[in-house]
Amino acid sequence: PDPARAGALRGIIHLHGKVSHDYTVQEGPEFVLSSADFGRAYLADGWATTFMRALMNRYRIVFVGYSADDPPIQYLLEALQPSIAPGQLYALQEGETSYASGLWRHKGVTAIPFNGFESLWQTLAAWAERARDPDAWRKRIAGMALRGPRDLQPHERGQVAHLVSSPVGATIFAEHDPAPPAEWLC
């Protein structure tokens with residue numbers, strides 16, 4: 001998709017391609033599998049580099065399924081390093097915060113650490129839920145806030161904090177009936 005065209009990007013982009021659910025065929029022509037495919041995508045034709053540069057100029061990007069030492073990511077980030085603004089690139093990385101951050105920091109990428117792939121899948125499912133229906137997500141979080149901050153898990157309190165950090169979310173929170181406990185003000 002063309003990142004400059006409004007609405008062209010919807011959801012997950014599989015930069016190196018995607019196979020069908022039964023792994024029998026590739027979905028789409030841009031499938032990077034061999035070193036020759038990689039050379040065409042990043043060097044000879046350059047479509048992957050051009051695409052990534054356009055994305056970096058317009059969006060925040062989260063790398064999923066890459067390691068900090070994957071050659072495509074390493075070369076791409078080193079080449080594009082001067083144009084990467086802080087807070088623009090993120091990578092999901094298994095491990096403790098200091099370990100995960102250490103792998104990505106020098107590449108201009110903020111690590112999002114996770115412990116175990118089950119946690120990762122749960123997080124991605126939660127992001128997908130929010131992306132599919134933001135209004136329903138906001139209402140669900142405002143309803144969850146009725147229990148009060150002491151009865152919520154840290155990540156749930158974080159969701160409430162995220163909700164009230166936007167004008168739309170703060171309005172939903174403030175107008176919820178019944179009203180969330182005043183303890184949230186503390």
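**Exercise 1.** Which strands and which helix make a right-handed β-α-β unit?

*Solution.* Begin with the ground rules. This is a predicted model, where local features need pLDDT of at least 70 and side-chain atom pairs count only at pLDDT 80 or more, while totals for chains, interfaces and linings use all residues. Residues are numbered from 1 along each chain as its sequence is written, and side-chain values use heavy atoms, with hydrogens and water left out.

Next, fix the elements. Helices (H or I, at least four residues) and strands (E, at least two) are DSSP runs, numbered from the N terminus.

Now the unit: strand 1, helix 3 (residues 71-80) and strand 2 make it, and it is right-handed. The term means that, with the strands pointing away from the viewer, the path from the first strand over the helix to the second runs clockwise. A further right-handed β-α-β crossover leads from strand 2 through helix 4 (residues 97-104) to strand 3.

**Exercise 2.** Place these elements in the whole protein.

*Solution.* Count them: the protein has 8 helices and 3 strands. Read along the sequence, the pattern is α-α-β-α-β-α-β-α-α-α-α. Then take the extent: the C-alpha atoms fill a box of roughly 60 × 35 × 35 Å along the principal axes.

**Exercise 3.** Work out how the strands pair.

*Solution.* Apply the criterion: two strands pair if DSSP finds at least two bridges between them.

- Strand 1 (residues 61-63) and strand 2 (residues 89-94) are parallel, with 3 bridges. Here Phe63 has Ala91 as its bridge partner.
- Strand 2 and strand 3 (residues 110-114) are parallel too, with 5 bridges. Here Leu92 stands opposite Ile112.

Assemble the sheet: 3 strands form an open, parallel sheet in the order 1-2-3. Why is one side of strand 1 and of strand 3 left without a neighbour? Both stand at the edges, each with a single partner strand, so one side of each has no neighbour in the sheet.

**Exercise 4.** Find Val64 and describe its exposure.

*Solution.* Locate Val64: this residue lies in the loop between strand 1 and helix 3. Check the area: Val64 has a relative accessible area of 40%, so it is partly exposed. The scale runs as follows: buried is under 20%, exposed is over 50%, and partly exposed is in between (1.4 Å probe, protein chains only). Of the 186 residues of the protein, 31% count as buried.
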